[in-house]
Amino acid sequence: MKLKPTILKNGQQPVLLTVLAHPDDETFGTGGTLALYARRGVKVTLICATRGEVGEVDEKYMQGFNSVAERRVDELRCAAGLLGLSEVIFLNYRDSGMEGSPENEHPQALVAQPVEEVAKIIAGHILRLRPQVLITFDPIGGYRHPDHIAIHKATVRAFELCKGANLKDDQKPFQPSKFYFNTFPRGFLKAGVRLIRLFGGDPQHFGRNKDINLLSIAEVDFPINAKIDYRAVVEVRDQASACHASQGGKSMSRGPLGWFRRLFSANETYMQAYPPPEDKKVENDLFAGL
Ligand SMILES: [Zn+2]
């Protein structure tokens, strides 16, 4: 399928920046969107705050790797290549693990850093890359992972910082034209909860580490202001997902949820943080109007 190039009114190179926390977030949450825009001529860049140091990794995936971080960075490089990302920037913080885990206290843990400090670093990258479209996690970090929430806060603050105050002398103020929060589609979550129950699972202890409460997430209602249909690149997105084998990315497109997704929902959904969205209008293009 030939994809329509993204052409901006002012003739500039379209740039999309997504700011996330771990290797795999780019694919599991926004992979369809990133692959789609890369194929539409957009320069797609990723900031990944950590190297996913504390993710659970089965021994069989560790052959040839000295650490979990090394393995997961390798997986991210694989996915980034398939998705078509132009650049992957690491912020070199440490994965904080789930809420209440001892990893939260590590001095390098992302959640142990002042928001302002992380925001300044992100702002520096925004000023350098000058993306028209900026994406990060929603206010609950998708499924309440502390690192996702920390990156949400730091990116929101970075967006503010780019306007001008407290910039370094050589930094010209700049603000992305549009700012989005990636959200799980609520209808999909609710249907997922029903489906998991139907198959005898427990939606309150979901995921590889059984630490995701799908029920509580499905109850938080975020508005959907943009819905990106990525059916044109669904295969690419699934191949990128398979790169993250240590995080279950291979099996994710199988099973009842994968089947459901392929049939009904090759969509990624976004809440528009800036500019304030027009009532009830759901855009199908993050660059709409630019
Ligand atoms: Zn993550």
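## Cysteines outside the disulfide

At 1% relative accessibility, cysteine 48 counts as buried, since buried means under 20%. Cysteine 162 takes part in no disulfide: the nearest cysteine sulfur to it belongs to cysteine 48 and is 19 Å away. Cysteine 162 has a relative accessibility of 0%, so it counts as buried too. Please keep in mind as you look around that this is a predicted model.

## The disulfide

With sulfur atoms within 2.5 Å taken as a disulfide, the count comes to one. The partners are cysteine 78 and cysteine 243, and their sulfur atoms lie 2.0 Å apart. Why is this disulfide left-handed? The torsion about the S-S bond of cysteine 78 and cysteine 243 is about -60°, and that gives the left-handed form.

Cysteine 78 sits in helix α3, while cysteine 243 belongs to helix α9 (residues 234–243), so the pair ties together parts that are 165 residues apart in sequence. The two partners fall into separate accessibility classes: cysteine 78 is partly exposed, at 35% relative accessibility, whereas cysteine 243 is buried, at 8%. Back to cysteine 48 for a moment: this residue is in no disulfide, and the nearest cysteine sulfur, that of cysteine 243, is 14 Å away.

## The zinc site

Which residues hold the zinc ion? Its protein donors are ND1 of His22, two OD entries from Asp25, and NE2 of His148, at 2.0 to 2.6 Å from the ion. Along the sequence, these donor residues follow the spacing H-x2-D-x122-H. Histidine 22 and aspartate 25 are both buried.

Now for the geometry. The four donor atoms subtend angles of 54 to 133° around the zinc ion, and the arrangement is therefore irregular. The reasoning is easy to follow: four donors count as tetrahedral if all angles lie between 85 and 135 degrees, and the range here starts at 54°. As a point of reference, the ideal angle for four tetrahedral donors is 109.5 degrees.

## Around glycine 84

Helix α3 leads us to one more spot. Glycine 84 is placed in the loop between α3 (68–83) and β3 (87–93). Buried or partly exposed? Glycine 84 has 30% relative accessibility, so it counts as partly exposed.

Setting aside neighbours within four places in sequence, glycine 84 makes contact with Ala38 and Arg39. Lysine 43 is another residue to look for here: its C-alpha is 8.8 Å from that of glycine 84, with their positions 41 residues apart in sequence numbering.

Methods
Residues are numbered from 1 along each chain as its sequence is written. This is a predicted model: local features need pLDDT of at least 70, side-chain atom pairs count only at pLDDT 80 or more; totals for chains, interfaces and linings use all residues. Side-chain values use heavy atoms; hydrogens and water are left out. Donors are N, O and S atoms within 2.8 Å of the metal (3.2 Å for Na, K and Ca); water is not among the atoms, so sites may look incomplete. Four donors count as tetrahedral if all angles lie between 85 and 135 degrees; four count as square planar and six as octahedral if opposite donors are over 155 degrees apart and all others between 65 and 115; anything else is irregular. Buried means under 20% relative accessible area, exposed over 50%, partly exposed in between (1.4 Å probe, protein chains only). Helices (H or I, at least four residues) and strands (E, at least two) are DSSP runs, numbered from the N terminus. Contact means heavy atoms within 4.5 Å.
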